Amino acid sequence: MPLAVLAGLFALAVIALSRWRGLAALGALAVCLLGLTEFVLPAIIEGNDPLVVAVIGCTVIMVVALYLTHGVNARTSVALVATVASLAITGVLGHFALAYAGTALPMLLLFTLTGLPGEHALAALAVGNRLPLPNESGHLREGAP
């Protein structure tokens, strides 16, 4: 009961401060919860690929939430296209990283994409005791067991 009272007070505060935009934001929140409970979680429980389900669920929720809260206009559409593109890239990179988990390939790709210096890439590849690391004096030491 106390949580329901707090949720009601929160909703009233949002509507009082933001009027129609606040109401639209609460509607977007409801759509988000509905999408998670009615699509994403059941699909993952059924055994579907969680990465694909998450990308599809996020895309649908995002389309509804953005247009509901910001209106149907050119600015919102451009933001939506850019966000969906970045979500797709993240999904592809996630799939690639999961497919090659346990190998050095995802780390090499990550450091190539981010432009981190070579010593950071070497340190990241050494994780898991695959390579010996230099200590403070510059001598190589074996990784901890």
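Met1, Leu3, Val5, Leu6, Leu9 and Leu12 together make a nonpolar surface patch of about 710 Å². The model that shows this patch is a predicted one. Two of the patch residues can be followed further. Leucine 6 lies in helix H1, which covers residues 2-45. Leucine 6 counts as exposed because its relative accessible area is 55%, and exposed means over 50%. Leucine 12 is likewise placed in helix H1. With a relative accessible area of 57%, leucine 12 is also exposed.

The chain as a whole gives the setting for this patch. The protein chain contains five helices and two strands. Read from the N terminus, the order of the elements is α-α-α-α-α-β-β. The protein chain has 145 residues, and 16% of them count as buried. The exposed area of the protein chain is about 10300 Å², and carbon and sulfur atoms supply 74% of that area. Contacts can also be sorted by distance along the sequence. Taking the contacts in the protein chain between residues at least 6 apart in sequence, 32% join residues at least 24 apart.

The next stop is further along helix H1. Leucine 12 and leucine 23 are separated by 11 residues in sequence, and their C-alpha atoms are 9.3 Å apart in space. Between these two positions comes arginine 19, also found in helix H1. What is the phi of arginine 19? The angle is near 55°, a positive value in a residue other than glycine. Most residues other than glycine have a negative phi. The relative accessible area of arginine 19 is 60%, so this residue is exposed.

Tryptophan 20 has its place in helix H1 as well. Is tryptophan 20 buried or exposed? Its relative accessibility is 70%, so tryptophan 20 counts as exposed. Tryptophan 20 also gives a way to step from helix H1 to a distant part of the sequence. Tryptophan 20 and threonine 69 are 49 residues apart in sequence, while their C-alpha atoms are 9.1 Å apart in space.

Threonine 69 belongs to helix H2. At 18% relative accessibility, threonine 69 counts as buried, because the cut-off for a buried residue is under 20%. Which residues is threonine 69 in contact with, leaving aside its neighbours within four places in sequence? They are Arg21, Ala24, Ala25 and Ala28. The side chain of threonine 69 also reaches the backbone oxygen of alanine 65, at 2.7 Å.

Helix H3 comes next. At the start of H3, a side-chain oxygen of asparagine 73 comes to within 3.2 Å of the backbone nitrogen of arginine 75. Helix H3 takes in residues 74-99, which makes 26 residues. How far apart are the end C-alpha atoms of helix H3? The distance is 37 Å, which agrees with the 38 Å that the helix should span at 1.5 Å a residue.

The buried residues of H3 are Thr76, Leu80 and Gly91. These buried residues pack against helix H2, which runs over 50-70. Threonine 76 can be taken as an example, and its place is in helix H3. The relative accessible area of threonine 76 is 5%, so this residue is buried. Not counting residues up to four places away in sequence, threonine 76 touches Leu66, Tyr67, His70 and Gly71. One polar contact is made with glycine 71: the side chain of threonine 76 reaches the backbone oxygen of that residue at 3.1 Å.

Further along helix H3 is leucine 87. Which residues does leucine 87 touch, not counting residues up to four places away in sequence? The residues are Val55, Cys58, Thr59 and Met62. For one of them, threonine 59, a distance between C-alpha atoms is available: leucine 87 and threonine 59 are 28 residues apart in sequence and 7.9 Å apart in space.

The walk has thus gone from the nonpolar patch that includes Met1 and Leu12, by way of tryptophan 20 in helix H1 and threonine 69 in helix H2, to leucine 87 in helix H3.

Technical notes
Residues numbered from 1 in each chain as written. Predicted model: local features only at pLDDT ≥ 70, side-chain atom pairs only at ≥ 80, totals over all residues. Heavy atoms only, no water. Helix = DSSP H or I, 4+ residues; strand = E, 2+ residues; numbered from the N terminus. Buried < 20%, exposed > 50% of the residue type's maximum accessible area, 1.4 Å probe, protein only. Contact = heavy atoms within 4.5 Å. Areas by Shrake-Rupley, 256 points an atom, 1.4 Å probe, with all protein chains shown as cover. Expected span 1.5 Å × (residues − 1). Polar contact = N/O pair within 3.5 Å; in protein donor to acceptor, adjacent residues only side chain to side chain. Patch = residues over 30% accessible without salt bridge, like charges linked within 9 Å, V, L, I, M, F, W, Y side chains within 5 Å. Salt bridge = Lys/Arg side-chain N within 4 Å of Asp/Glu carboxyl O.
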